[in-house]
Amino acid sequence: MQIRITWPAGHLTATLEDTPTAQALHKALPLSATANTWGEEVYFDTGISVDREADAQQVVEPGTVAFWTDGDALALPYGPTPISRGDECRLASPCNLLGSLDGDPRKLATVRSGDPIRVELVAD
């Protein structure tokens, strides 16, 4: 499954694995939200609530598409957060892994807190 994430200064696509969380997200699309930033991470509310999956991780690669179950939010890290050690992408708590961004995750640096953000399914 491929999704498009759009904000005023740009957009990225992401390829998602077939996981329970990705399926729940698919059912909620399209969705619009307000972006938040936390260090070099963009996150935003999805309006869906899912349980933490067994393989949830807190330290991930830049460009990982993660679901923060504590905040019902998509988390899109592209660099260090305030709790990172060194250059790692450390999320606020373990998150469900959905897939990864296509292209350069540093494009997310153009997202400003408060920006409108939209997520939609890319047609096959």
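Hi everyone, let me start with one pair of residues: F67 stands opposite L74 in β8. Before I go on, please keep in mind that this is a predicted model.

So, how are the strands around that pair arranged? β7 and β8 run antiparallel and are joined by three bridges. On β5, which covers residues 41-45, five bridges lead to β8, and this pair is antiparallel too. One of the contacts between them puts D45 with A73 as its bridge partner in β8.

Is β8 mostly covered or mostly open? It is mostly covered, with five of its five residues buried. A73, A75 and P77 point one way, L74 and L76 point the other way, and all of them are buried. If you like the general picture behind this, side chains in a regular strand alternate between the two faces of the sheet.

Now to the turn just before β8. The hairpin of β7 and β8 has four residues between the strands, and D72 takes a positive phi there, near 50°. D72 is not a glycine, yet its phi is positive at about 50°. You will find D72 in the loop that links β7 (64-68) to β8 (73-77). D72 is partly exposed, and its relative accessible area is 22%.

There is a second backbone feature to look at, this time beside the helix. Which peptide bond is cis? The one from L29 to P30, where omega is near -5°. P30 sits in the loop between α1 (20-28) and β3 (31-34).

Let me step back to the whole chain. The protein has one helix and ten strands. Going along the sequence, the order is β-β-α-β-β-β-β-β-β-β-β. The radius of gyration is 13 Å, close to the 14 Å that the globule rule gives for 124 residues, so the protein is as compact as a globular protein of that length. Along the principal axes, the C-alpha atoms fill a box of roughly 40 × 35 × 25 Å.

What about contacts along the chain? Taking contacts with a separation of 6 or more, 73% are between residues 24 or more positions apart. As for the surface, the accessible area comes to about 6000 Å², and carbon and sulfur atoms hold 47% of that.

On to the inside. Of the 124 residues, 45% count as buried. In soluble globular proteins, nonpolar side chains tend to be buried together. Here the largest nonpolar core has 27 residues, and F44 and L108 have the most contacts inside it. Leaving out residues up to four places away in sequence, L108 touches W7, L12, V42, L76, Y78 and L101. Apart from that core lies another one, of six residues, including V60, C89, L91 and C95.

Those two cysteines may catch your eye at the bench. How many disulfides does a search of the whole structure find? Zero. C89 is in no disulfide, and the nearest cysteine sulfur, that of C95, is 12 Å away. C95 is likewise in no disulfide, with the sulfur of C89 as the nearest, 12 Å away. Are they buried or exposed? C89 is buried, with a relative accessible area of 1%, and C95 is buried as well, with a relative accessible area of 1%.

That's my tour, and thanks for listening!

Conventions. Residues are numbered from 1 along each chain as its sequence is written. This is a predicted model: local features need pLDDT of at least 70, side-chain atom pairs count only at pLDDT 80 or more; totals for chains, interfaces and linings use all residues. Side-chain values use heavy atoms; hydrogens and water are left out. A nonpolar core is a set of buried Ala, Val, Leu, Ile, Met, Phe, Trp, Tyr and Cys residues joined through side-chain atoms within 4.5 Å. Buried means under 20% relative accessible area, exposed over 50%, partly exposed in between (1.4 Å probe, protein chains only). Contact means heavy atoms within 4.5 Å. A disulfide is a pair of cysteine sulfur atoms within 2.5 Å. Helices (H or I, at least four residues) and strands (E, at least two) are DSSP runs, numbered from the N terminus. The radius of gyration is taken over C-alpha atoms; the globule rule is 2.2 Å times the number of residues to the power 0.38. Accessible areas come from the Shrake-Rupley method with a 1.4 Å probe; for residues, only the protein chains shown count as cover. Two strands pair if DSSP finds at least two bridges between them.
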